[in-house]
Every structure is written in C-alpha cells, then in structure tokens.
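This report describes how the chains of one assembly meet and how their interiors are packed. The sequence and structure are shown first.

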Amino acid sequence: MDGLFSIVPLIILAPFTGVLINVFFGRKLMPRRDSVAPGVIASSMAGFSFLIAVLMFFALLANPAGAEVPVLTWINVGDGDFTLHIPWTLKVDTLSSVMMLVVTGVGTLIHIYAIGYMHGDIDEKAASRGLEGEEALDFKRRRYARFFAFFNLFLGSMLVLVTANNYLMMFVGWELVGLCSYLLIGFWFDSPEKNEAGQIIGVLNSSAGRKAFVVNRVGDFGMLLAIMLIFWSFGTLEFDDVFARAECMIEAPQAECLTLSAAELAPQGEGEAAAEEHGEGEARALTTPIALGPFAPTLGVVVTAITLLLLLGATGKSAQIPLFVWLPDAMAGPTPVSALIHAATMVTAGIYMITRSNVLYAMAPVSGMVVAVIGGATAFVAASIAVAQFDIKRVLAYSTISQLGFMIAAVGLGGYIAGIFHLATHAFFKALLFLGSGSVIHGMEHGHHHAHGQGEHHDAPHGEDERPFDPQDMRQMGGLRKHMPVTTWVYIIGALALAGIPPLAGFWSKDEILLDASLNSTLVYILLTVAAFFTAFYMGRQVFMVFYGSERTEAARHAQESPPVMTIPLIVLAGLSVVGGLINLPVGGLHPLGRWLEESVANAHIASFNILVATISTVLALVAIGLSYLLYGRKPLEEGEADPLYSTGPVFTFLNRKWYWDELYAAIFVRPYNRLGDFLANAVDWQFWHDFVHDRIIADAFQGWAAILSRPIDLGIVDGAVNGVAQLVESTSRSLRRVQTGYVRNYALAVLMGVVAILAYLAIRFLV
Amino acid sequence: MNLPTLESINLAASLPVLILAGWACLLTAIDLFISPERKHWTAWLAVLGLLASGVALGFEAVAYSQRGAVSAFGDMAVVDGFALFLQGVFLLSAFLGILLALNYLPRHNIERGEYYTLLLFTTSGMMLMAMAADLIVVFLALELLSLPLYVLSGFAHPRLDSEEAAMKYFLLGAFASGFLVYGIALTYGGAGTTLLSGVVEALVGGGPAPNPVLAIVGMGLILVGLGFKVAAVPFHMWTPDVYQGAPTPVTAFMSVGAKAGGFAALLRVFLIAFPATGDTWGVVIAIIAALTMILGNVVAISQSNVKRMLAYSSIAHAGYVLVAVAAARYPEVEPLAVSAAVFYLLTYAVTNLGAFAIVIALERDDGTGVEVEDFAGLAKTRPWLAIAMTLFMLSLTGIPPSAGMVGKFFVFQAAVQASVGDPLILTVTIIGVLTSVISAFYYLRIPVMMYFRDGEGQANVQPALGVALALTALATFLLGVVPAPFLQMARHALLTLAG
Amino acid sequence: MPGVILFAILALVAILSAIGMLTSTNAVHAALFLVINLACIAVFFLGLSAPFLAMVQVTVYAGAIMVLFLFVIMLLGAERVPLSSRLRWQAPLAIALVLALLAVTLLVAFSPQVQGNLVNPRPVPPEAQGFGSPQAVGETLFARYLLPFQMVGLLLLVAMIGVVVLTKDERKPTGHISENAQASDRAA
C-alpha cells in the first residue's frame, strides 16, 4: 500500500492540468452557447483529485504513519554551517488526508454545480451588456473558460497548501489561494452591479477583490515574519524537523538541536511522550536561550512570537477579528466562488495551519488563549451581525465568519480534533447553504426576467416595486417553498445542521467545540454559546423569510426551480450534512476522526461526550428557532412591511451596520492613510520639496553654480573623463578589430606568438 | 603479447559512442538510397541514432551511479561522471543542431544528407573526447571532432564566405593540431607513456623515463592545441571569420559542441595528467582567461553583424570557463570547479543554440538579415520571438532568471574559493565580473533594438526551428529557475583516473 | 659515435630540405624538397631499429603520396605560387618568432635539468626481441591501440566524405580524377 503514496503529486497536477487546458483550449472547446466542455474538464479534474484523495485515505488506513513524497528539490543553497534546503515534498498524513478529502470532495460538487450556474450567470451578464449573437458567444467563451481555469487553479493552490511539508511551500499555496480569491471575487471586475435605474448598488466587484487581497496581505505579512523567525531559530522549515527541534530545545541548548531531524528523533519515541506529559501539566518554563542576531530571548518568548504572528496570518485567511472585513464583501463574486471560498478552501487554511503547528501552540499557552478569545469573540460578533442582514448571501457570509470563530476557538483551546471535525461538517452544510442560496438567486433572476418581460408588454415602467430589484434581498422573496421545492428542503436541512439540531452533522461538531470550551475557558464558552443561539435564530429567520409566507415581489412569484446539474450536488451535500456527524460520533468511545487524527496531530485529545453541554446547546437552539418562528413564521412579512427587529431601534442599526467595523477601519486606517498620502504628496513633496527646496534653494543655487561648473569643469573634465572611458573602450574595440585582418597568415602568426609566450614562460619557470 | 579481452574492452561502457559512430557509418550508406527531395528522412534517421545513443547513455548513467567509473578499450578510455554529463550535453546539442538545420538547408538550397552524417561523426568525436584517457585518443578525438566541422563550415559552397571559412578553419586547425601532436610527442618523450594516468606518475618522479621538463614543454604545446579548439586568446582569431561564413546552424553547433569538446579534453588532460605542475599551467590559463574575457567582450561591442557578435561572445564565454579551469588546480576546489565548468557548458549550450535559432529565423535566404538593425521592431511583429531572444541575451549576460546567471554564479563561486591566497585568480575573477558588465552593453543592445526601435522585424519560424526554440527557451528558463536537479547531476560529473 | 655523426648529418639535411620546401616558390620544387625530408626521416626510423616503419615511410609517404601531389600540381598547372607583397611586417615578425621559439627549445634541450640531452646522451636501453618488426607493430596496433586504430579508420572515412561533399557540384557533376586524387590525398 505504501507505494500508493507516491501518486499523490497527481492530486495537485490534475487541477493544474485543467488550468492549462482551459487557458489554452477552453475557448475552442465551446462551439455553441450551451457547450459545457470547460466546466466538464474542470469538474473531472477535481473529481480525479478526489479519487486520489480517496486512494490516499485507503493507503493511510493500511499505514497510518503516512509518507513524505519528494517531488523535486526547490531550493538548495549554502553549505557548511548555513544551509537552506527546501524540497518540494508532499506530506500525506491523516491530517492532510482529511483536508484533501474535504477540499476535493466538496470542491468537486461545487465545480459540478458551477457548470450549470455559470451558464445562467454569464448569459445574464451578456444580456445586461446588450451583447448579441456572435459577440455574446465570444463573451461567453472567454468568461466560461476563464472561470473554470481560475476555479481549478484555486483548487490546486489549496491542495498545494494542505500537502506542503514545510512552511515555505505552505506559504506558496497560501499566496496562490489569496491570488485566486482576488481573481475570482473580482471575476466580474468590469461590471458594476447596477439596478435598472442605473444606480450602482452593492460593492464594485473589483474593489471587493482588492479588499480581500489587501486585507489578506496584512495577514500574510504576519505569516511571512513567522516563517522567517522559525527559520532563524530552528534552522529549517520542514514541519517535522521544526517541531522536533523545538521540543528538543526545551531541554537541550539550541546548537545541539539544530542538527536534529525528525527522523532521528522518532525512534526515541519517549521524548515525544514526555513532552506531551509536560504539556498536560503546568506551563513549562521554556528558558533555553535562542540566538537571534544581537538578542537572545528565551525559547518561550520566541515560540510565543512565532505563534502570534502565525495567528495574524490565520486571522487574515480565516477571516477573524481584526481582519474579517474582506469576507462579507467577497460574496460579490459568483455564488460558486463564495461556496468554494467559504466552505471548502481558503478560509479553512488558517485552522489547518494552526492545527499543523499544534506543537508550537502547545508550547505557548499565552498564544493559545489569545487564539481562543479571538475565535470566541469573532463567533459572537459575526453571529450578532448576521441577525440583522437582509442579503441572503451576506447572512451566510457572517455565519461563516462566526463558524470559523468556533473552529479557531477550538484549536486555540487545544481541541484540534473538534476544530477539524467542525471544519469538515461545516464544509458540507455551508457549501450546501451557499449553493442553495445560489439556486434561490438563480430562481429569482429567472422569475424577474419572466415578470419583467411580461411587464414591459402591458404595464407602465416598473412603478410596482418601491425598491429596485435585488435578487439577493430576502425582503423581496418569500413563499419560494412552492416554486422551488428541492432547494427548500435541502436548504432547511442545511439550516438545521448549522443551527446544531441533533442528529445532523453540525450538532456533533459544534457540541464538541462547546465541550472543549466549557472545560478550558468559561469566557469562551459563554461567547460561543451565545453565538450558537444567534446562529439558530438567524437561520430560522432566513428560512422563514425566504421560503415561507407569501411572495413579496413579482420575481418571487415567477421563481423557478434550478436545473438538475445544480440540484443534484445540493442533494448530495444535504445527505452529507445529515450523516456527516458519523465521522466523529462520540458514542461508545468511538471517535473515528479523533483516532484518525491522533496519528498526525501530536497534541490531539479526544473529548468525551457531555450530556449537559449537549442539552443546553440543543435547548438554546430550539428556543432560538422558536423565537424566529414567533417573529417571522407565525405572521410572515407582507410586501413592503418592515422587519420586526426594527423595533429594537439603535441596536438593530448597530448590528445592521456590522458594528461599524468598516467605518472604524475607514476612520482609523483608510482615511488617515489617505490624508497622510495626500500630505506627503502635496504638502511635503510638492509644496515643500519641489516648490520650495527644489525651485528656491536648489534651483537658484544650482543655476549660479552651473554657470561656473558647466563650461569649464563639466564639459572639460567630467564629461571628458566619462566620454573618454567610453571612447577608450570603443576605440580599443575598433583597433583590436583591425587586427582581425582576415589573413590566415596573420592568424597563424598570432598563434605562434602565443606559443612562444607560453613556452618562454614555462622554460623560464623551470630552468631559471 | 597481451591480446585484449572482452572484459578489458568493455563494449557496454562505451556503447553510446559506439552506437553513434556505427550509425553514422551506416547512415552514410543509407543516405545514398534516399532521394534528394527526401533528405529530411536522413535527418530523422540521424535523430534516431542520437536517440538510441541517448538511451544507451541513460543506462550507462544508471550503471555509473551504481558501480562508479570504469575504463574501456584497455585503459584508453574511461567512463566517469564527467564523461557521461558532457556526452549528454553533446547529444543534446547535436539534436538541436539537426533541428536548426532541418528547415534551413532546403531554404538555402544546400540540403544534402552528408550534413547529418557529418554531424553524427563530429558528435562521436566529441563523445570520445570526453572519455579519452590517453593522449593519442585525445588527439584522434580532436581530429574526429574537427574534420567534419571543417567540411560543414564549407557546406554552403559555392558561397564564397562559406568556402573561405572552411579553408581558414582547416588551415589554422591543422596548424594548431601540429602543436598538439608535437606537445603529445614531447610529453611522451618526457614521461615514456601517453596514458594520462602514466604521465602523472612520471611527473611526480616515477614511471619508466621521467624527464619532467620535456613533459612540461609538451604540456604547453598541448595547451596551445586545445586552446585553439575552445577559441582562447591568442588562438581565437579564426572564430569570427569562421562563425560568420559558415552556415548558421553549423555555427550554432560548432560554437557549442567544439568548445565543450575542447574543454572536455582540457579539463581531463590538465587535471588528470598534469596536476603536479598546477602552479605553472594555472598561471598560464588564468592569464589566458583574463585576456580572453577582455578581448572577447571588448571587441564584441563594435560588431554590427549578430553572427560575428556571437562569435566574440563565444570567445568571451570560453574565458569564463577557463576561469573555472584555472580554479580547478586547487584540489580542494576541483570538484566544485569542474562541476561549475560542465554546468556552465550546459547552460551556454542551450542558450547559445537558442540565440542562433533566432538568428536563423531572421536570416534571409541570401544570407543577409543578421545585422543588429534587422532586429528592430521585432517585439511588435513577433512578440514571442522577442521574448525568447531577450531571455537568451539575459542568459548570455548572466542576469536572472536565466541559465547563464546560475552558470556564471557557480564559476565565480569556484573562482572565489580558489582565490584564497591566490591574488592572480582573484584579479581574474574581478576581471570576469567587470567584463560581464561590459557584455551587457552589446547583448542588451538587441532587446533595446527589438523593443524600442521601430521597424518591421521579419522572421520565418518553421516547425522544426520552432520546436528547437521552444526547447532552448524552456531549458534556459528552467535552468535559471530550478537549477537544483541539473546542478546535482553536475556535482556527480567528477573526473576519475582510469578506473 | 658513428651513429651520432650520421644522425647529425641527416638531421641537417632534413632541416635544410624543410626550409627549402617552405621558401621555394615553385610548387614542384617544394614537393621534391619534401621527398628528401621524408626520406631522411625514413632513415631515422631505421636508426631507431624500426625497419618496418622506415619501409612504410618510404613507400607510402615518399612514394605514393608524393607522386599524387606532383600529379595534382601539374594537372592544375599551379607550379608557381605568387608571393604576396602586402603585409610586409608579417615575414620578419614570423622569422623573429621562429627564432625565439628555436632559442627556447634549445634552452630546454641543453639545460642541465633535462636528463639525457645532446651533451650527455642517455644510454640506449636494449630493445625487446622483434621490436619494430611488422609483427610487433601489428600486435601493438590491433591489441593495445585498438581504439585509436578504429578512430583513425573513422577519420579516413570522414575525410573521404568531406572531400566528396566539398568538391561535388550537385547540379553539374565534374570529372572523377581530381576528386579521387584529392580524396586519397586527404585520406593519407
């Protein structure tokens, strides 16, 4: 079975092959408007990757220790004391295998879904630009192929990230994912979201992409610093070696551990167990000095710094306070992109990275606590914001941030299994919800076209709707249950799973996180429990607003169910959301995922099921759903009616405005930055430097001097010297060229001269 | 008497070269039955031979990694990492040489099957050169390498410049060969043997007839003969005339193959046979290297013909490799310097063949179109070609991300290591760095021409040429970005005494 | 001692004939000087107990090849080589360099560091049984020097192909004689 590991490079290769095919041939593969070849190619590449992931899973069943598969040597410089050796080696172990399965499995379903979704989306955009016939076809070819190229690139990048065996390679994946998110969020970079009246609504896609990129870069900066610090203190970037050396340094001095590699440490085995024991007990005093240039901080300080910087990276990718602001705007991209970013790939990178670095976090309890509090706070804040949103995708976006907060809190408290478990189940139901919302939007747009098309024939120009049409506004939906039965049912399943109702997937994983929190930190436990209550409430609100009651617009009245290529992935995902909890069922000490991850996560511990915690969370969730029924279900909103939550006044506004985070950032960073830039450019550079210093001081003085210098000194001496050198080279060149007479005799003579010179030298050297 | 046994001949070890030489003889006969319109068949058959030889070489390399170096034909030849690496470079160059010629020859109405057979012959000469362990084999390999090249230079006859090139190359080549033979004779007189491993014994005071001074004079003359092949100053003067006059694909192949062949012999002869007198030849080669770099780079500035400019550039590059040769005389630097030299030859091979491929694309049927001005505006008419040419020029200058930069880096690294306590090598290294700055002057003139001057750069990229271009550009880029695997191979390209 | 005297005389003749070959403006004279030179060398081989090589030298070089040379020279009617008057500095410089080379060589040859120089010759080691006989030459050639022997074969083939390539005009085939003559001339 071990030989099977060696095929793992294919998992990355397949999506990148898809990228190449779609980049170079994608357009040619679409002879007609309804061609789907690029999508099918991309999906089959994703499916192939999933197949490889499954094979890896079976290989790991046979040999849980996993393997490192070297592909090539990437960087190999230096010798002696200083070496930097970074191989491009793929790491297959139980942790990366879980990630591979989730990324490729959910990713494949989203790919398939996108085949259908993007057809509608691109046609819609083409129509709104007034493209027809050949032009529209060309437009579609370009965009369809481009979309799937980016999509596969995204998947491949994420796989680079999770299969890395060292921090630098992980960073490459990390950056590639960031780049792809920029490309995909800004996919419609050239189309401002306009309504019929021509006003720009929502965020400009390109600026949403830019926001995601810039905010992510802030986190990447932390990640990069952490990588440098790791290399500086441990002399390597490979995960196993870093961890082995870090643990070695607890007892031995730094220099002694620098030559160590994981392979050498492994046979001891005891050391690891001993370290783990320490970890369980009181905080260790990590006092080994680490040489960092002129400083020599203790190991504890260094590891804390590293882990906090890594956390900064994680807050960027996994959208945590303070860097979560990009994610809600990221839904400007096409819906499958939101699903891929929010469910399967990008945002899970931070959780994965922290889990991967668990050895370091175990050594830095302070960082662990910071991680947990940030996670808990994010979960709470985001969940509260989600309560007051009207945009169907925006609710889900904040829900994602909140759920990521749960995971981050879990890994911060050492509950790595719980974190990864929730990551997996969340991937199922959040993909389901996003794709479901996409299906709703698709249906609404369809309905809008239908209604709009008729309206033009026999009605005055859109006087009916007070608000401009927005297919994502929940206030304009309602009663879709009747028009989109499949979507409704799968959506309700997803919502219940997210709310944490037993026995759906979300219940088991959320419960495990709450259990870990209740054991380790009361503060985090309270934050998470309140967040869970909010979660159940906003999901209830959403379901009632969208699917129940009566239709509030023409569009909703004419909404249509989506085609099977979209609904079948939804059904599969719904199934997974129902049974996903089985992968780590805590009954009877089973915990399959826990046992699985123990193989690769050194500090994993398996939590036992606690009936009290489970009951509290379930009851709270049911109460929240009941509350949402009271507010939105019993007496559904009618057309034009305001949300009952408006009655809370400023609280609602505060939540609706997202706690004024964006405004806060604008006030603290963006505007001061702009003002500083303005000051530097206009006041300092232009007025002071250019107008005053240059024009007055320098220019005037210069002109005086120049009069003296230019003629006699510059032209005479300086220019002469510079030109002289150039001329010398050139004239040497020309005169040497003249030696090249073309006569063989001359050439032979030159050879003879060489002979005489060499022999004379040799003779003198040996005879004199 | 000792009759050779099959074990001592060790045919398996020298299979790559045997296949190639044998196939060349056969192909000479086969070619007679191929009609003049179908001479490209001969080309593909020649490629087949190269391929077969390459496969054998692959097996040989695997065998080498398991059992190390072995000798063949008694002790006349040795198959070690050095030989295998360079043989790979030769096969690659020959393959590209055929690709370059495939469309060029019919376009210029000089297509004849002998082109390909002669190319195979000279390649087998180069391969023998890389594995020569006896001075006689060195001499014969050098002749086997040179003779077909003399003929190929005149392949465009009755075009006068081509005939002139062939004549000059032949006369001066014979002149230099004379010195080489004289040197070998004197070495034999001094050491009583022509075996490289025997010469080294004689020089340290053993062997049948030790007479070091004669051997040292012989060494000087051998240096002349080989210095001519690699176009080192002052034995370089044939280079520009021959490069300019010869058909461009021949020039391309010659600039790469003949030079690498010469260096194969230079490195092996001087490091295996004359290590004891390293302080002498080290000085001579260092000075020659400095002169070569200065002259090549300075004179290249005033060239307006690109072929001629590349000829001087090829002289200059010989200088850089000579720096590595001079550095290799210190035993502790030798492995690094030798691998740096062979790696440099590899990077130079792919880059220079690529650059000549572009020249071929631009060359018009009457042989004009190879002036620097002809590159004007190429970026607009043929953007990919312009990008590739820019890459090659960057690589020749030694600017990342290109193969040339990595090659230069390792050569200078070896030189710096050797320069500890050797001010001459330090001076030469500094000259090397300065002259590579000068070289930017003329290399980068071509990208400037392509991107910033208006003009309608015309180019004619036919399929085989396109393949060659793509291969060389890719290799130039890859060697610059992920050099590690190839460096690893070059690290194993070590010289061994006859095993 | 008589051996040394014979050697000295023949060496003088060989050198003078070589100079004569270089300086004579008539190609036929030059060829004849070369015959003398080659004959002297044949005698040297005899003096070195290599009778077989001496015979080969006489028959192949002084005989066959020189006859071909003369044929070609006369067929082409290129007996007189015009002297170029350009590059006036070439000849004196070349002579000076040759003299310098001679000086260096003599310096080496008569230096005390060279064992067995002309001043105090080294004792000649007794040659092995049958040294220099056709059999001994053949055995060495085919056994020890197998690879060089094969390579020489390749070289001759290449030279032949080369001559054909360079002289054959595809469009208008020329006569056979000059081709063959040059081919064997180069092959030798």
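## Contact between chains A and B

How many residues does the contact take from chain A and from chain B? In this predicted model, chain A contributes 26 residues and chain B contributes 29 residues. On chain A, at least two residues of the side that touches chain B come from each of strand S1 (67-77), helix H28 (661-739) and helix H29 (744-767). The largest share belongs to H29(A), with 14 residues. By residue class, this side of chain A comprises 15 nonpolar, seven polar and four charged residues.

## Contact between chains B and C

Chain B also meets chain C: 33 residues of chain B are in contact with 22 residues of chain C. Helix H2 (15-30), helix H5 (114-131), helix H6 (135-153) and helix H9 (212-230) of chain B each provide at least two residues of the side that touches chain C. H6(B) gives the most to this side, with ten residues. The side of chain B that touches chain C divides into 23 nonpolar, seven polar and three charged residues.

## A covered helix in chain B

Helix H10 (residues 238-245) of chain B is mostly covered, and eight of its eight residues are buried. Among them are B:Trp238, B:Pro240, B:Asp241, B:Tyr243 and B:Gln244. The cover over the buried residues of H10(B) includes elements from two chains: H29 of chain A, and H6, helix H7 (160-191), helix H11 (248-273) and helix H13 (306-327) of chain B. Two of these covering helices were met above, since H29(A) supplies the largest share of the side of chain A that touches chain B, and H6(B) gives the most to the side of chain B that touches chain C.

## The largest nonpolar core

The largest nonpolar core holds 244 residues, of which B:Ala324, B:Ala327 and B:Ala341 touch the most other members. Helix H14 (residues 334-362) of chain B gives the most to this core, with 22 residues. Not counting residues up to four places away in sequence, B:Ala327 touches B:Val333, B:Ala337, B:Ala414, B:Ala415, B:Ala418 and B:Ile425.

B:Val338 is found in H14 of chain B. Why does B:Val338 count as buried? It has 26 other C-beta atoms within 10 Å, whereas the cut-off for burial is 20 or more. Leaving aside neighbours within four places in sequence, B:Val338 is in contact with B:Phe82, B:Leu267, B:Ala328, B:Ala493, B:Leu494 and B:Leu495. Of these partners, B:Ala493 lies 155 residues from B:Val338 along the chain, with 7.5 Å between the two C-alpha atoms.

## The interior of chain A

Chain A has 29 helices and two strands, and 50% of its 768 residues count as buried. Among its contacts with a separation of 6 or more, 80% join residues 24 or more positions apart. Apart from the largest core lies another core of 225 residues, including A:Ile227, A:Val359, A:Ile417 and A:Met545.

A:Gly419 lies in helix H18 (residues 416-458) of chain A. A:Gly419 counts as buried because it has 33 C-beta neighbours inside 10 Å. Beyond the four nearest places in sequence, its contacts are A:Ile351, A:Thr355, A:Met407, A:Ala410 and A:Val411. A:Gly405 is 14 residues from A:Gly419 in sequence and 9.9 Å away in space, C-alpha to C-alpha.

Conventions
Residues are numbered from 1 along each chain as its sequence is written. Chains are lettered from A and ligands numbered from 1 in the order in which they are written. This is a predicted model: local features need pLDDT of at least 70, side-chain atom pairs count only at pLDDT 80 or more; totals for chains, interfaces and linings use all residues. Two residues are in contact if their C-beta atoms, placed from the backbone, lie within 7 Å. Helices (H or I, at least four residues) and strands (E, at least two) are DSSP runs, numbered from the N terminus. Ala, Val, Leu, Ile, Met, Phe, Trp, Tyr, Cys and Pro count as nonpolar, Asp, Glu, Lys and Arg as charged, and the others, Gly among them, as polar. A nonpolar core is a set of buried Ala, Val, Leu, Ile, Met, Phe, Trp, Tyr and Cys residues joined through C-beta atoms within 7 Å. A residue is buried if 20 or more other C-beta atoms lie within 10 Å of its own, exposed if 12 or fewer, and partly exposed in between; C-beta atoms are placed from the backbone.
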